[in-house]
Amino acid sequence: MNIRISGRLYDGVSATSTPVKAVCDGSGWLSIEDVDFGAITIADIQFSERVGTIPRTMQFPNGKMFECDDNDSIDRWLSQCGHQTSWQHRLERNGSFAVAALVALALVILVSVRWGIPQISNLIAARLPTEVDVMIANGTLEALDETIFERSKLSDLEQRPVLERFNQLAAYNHEVNFNLVFRGGGWIGPNAFALPNGTIIVTDELISLSKHEDELGSVLLHEMGHVVHRHSLRQVIRHSWLAMLSLLIVGDVSSAGTLVLALPSILVQSAYSQEFETEADDFALARMREHNLDPTHLANFLDRIERCAAFDGDAISECDGSATINRENATPQTSGWLRYLSTHPTNERRTARFRRPKD
Ligand SMILES: [Zn+2]
């Protein structure tokens, strides 16, 4: 049975086409109606693959080309002559396959985001040169100084014991050049941050909330854990990993500027993952044992930060840490005193670990 297919014939020389009808017979021969074209067997024709409703072409050995929108008729002729339709088209028409492909694609995206990007970020963080750490840390501290922090109100005399304790705790590690800086916390209140080059920022408000030198010491150890495990870098690279990938491939250190722009807001606004907090806690716990510090100090300190959440600004001096915890009214968004906990999420299990560190 003949199949007539309407389409356009190109002469293979110019871009102009002529509307024609191709006549295809059941024995596999094709001719063009009303055109001196001769007959061409199906075996000598190159068919373009069927993709959706995109017009399909038949390329002839004489250089001419037939193009048409009637994909069904071409498939019917191919099938009549015993030719299979393309596997792509068969898959495309298969609803179950389309659903399975969508599910597979969603899974690939999910796995990439959940495990792929963190893994790549860790690899990149481990390979970044020290000069990148320093550049990011300096840029981040500068940005935080301009936008949030104030000059520390603590005198040299008040800073000295904190600094001495910090240096004692940092002395064990010769690979990281730890450095403590003091700042007024501004609206962010009591907090501590670890920058990638080993600089740890502690706010006056956090120091004034501490009732025992080992409470502050335990928080500083926790922050050192963030530095040693390169958490700030890993976190920021997770947010800007494409830029970092190009840094690694092209080797252009100046593209680390992307991280300098991103890190201040990531440090202040978003919490580290539970995985990072646990790593920093593990580090702090191990060092506390080495230094014979009682781990309950960190639990007590975290509890006090939470209890004093209702006392904002200078009123912190009125907080003796015995107030009842009011989690409903003092939210991290409205209370500066809870910001340490919002950037270092605590929970009962975490503080319980420090109360029973051998568990
Ligand atoms: Zn932390």
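**Strands, helices and a buried methionine**

Mentor: Let's start with one spot: tyrosine 10 stands opposite methionine 65 in β7. Keep in mind that this is a predicted model.

Trainee: Okay, which strands does that region involve, and how do they run?

Mentor: Strand β1 (residues 3-10) and strand β7 (residues 65-68) run antiparallel, and three bridges join them.

Trainee: What makes that count as a pair of strands?

Mentor: Pairing needs at least two bridges, and β1 and β7 have three. They belong to an open sheet of seven strands, in the order β4-β3-β2-β1-β7-β6-β5, with antiparallel pairing.

Trainee: Why are β4 and β5 called edge strands?

Mentor: Look at their partners: β4 (40-41) and β5 (46-47) each pair on one side only.

Trainee: On to the helices. What makes α5 oblique to α7?

Mentor: Start with the angle: the axes of α5 (residues 156-170) and α7 (residues 213-228) cross at roughly 50° and come within 10 Å. Under 35 degrees would be roughly parallel, and 65 to 115 roughly perpendicular. The angle falls in neither range, so α5 is oblique to α7. The crossing is right-handed.

Trainee: Which residues of α5 and α7 meet there?

Mentor: From α5 you get Val162, Arg165, Phe166, Leu169 and Ala170; from α7, the residues include Leu216, Leu220 and Met224. Sorted by class, this contact has eight nonpolar, one polar and three charged residues.

Trainee: And why is α7 called oblique to α11?

Mentor: The axes of α7 and α11 (residues 274-290) cross at roughly 125° and come within 8 Å. Roughly perpendicular stops at 115, and roughly antiparallel means over 145. The value lands between those limits, so α7 is oblique to α11. This crossing is right-handed too.

Trainee: Which residues are in contact between α7 and α11?

Mentor: Among them are Ser218, Leu221 and His222 in α7, and Phe276, Ala280 and Met288 in α11. By class, that contact has eight nonpolar, four polar and three charged residues.

Trainee: Is methionine 288 buried or exposed, and how do you know?

Mentor: Methionine 288 lies in helix α11. The cut-off for buried is under 20% relative accessible area; methionine 288 has 0%, so it counts as buried.

Trainee: What is methionine 288 in contact with, leaving aside its neighbours within four places in sequence?

Mentor: Ser218, Leu221, Leu293, Pro295, Leu298 and Phe354. Take serine 218: it sits 70 residues from methionine 288 along the chain, with their C-alpha atoms separated by 7.2 Å.

Note on methods: Residues are numbered from 1 along each chain as its sequence is written. This is a predicted model: local features need pLDDT of at least 70, side-chain atom pairs count only at pLDDT 80 or more; totals for chains, interfaces and linings use all residues. Side-chain values use heavy atoms; hydrogens and water are left out. Axes are lines fitted to C-alpha atoms, for helices over the stretch in contact, and angles run from 0 to 180 degrees between N-to-C directions. Helices (H or I, at least four residues) and strands (E, at least two) are DSSP runs, numbered from the N terminus. A crossing is left-handed if the near helix is turned anticlockwise from the far one by less than a right angle, and right-handed if clockwise. Contact means heavy atoms within 4.5 Å. Ala, Val, Leu, Ile, Met, Phe, Trp, Tyr, Cys and Pro count as nonpolar, Asp, Glu, Lys and Arg as charged, and the others, Gly among them, as polar. Buried means under 20% relative accessible area, exposed over 50%, partly exposed in between (1.4 Å probe, protein chains only).
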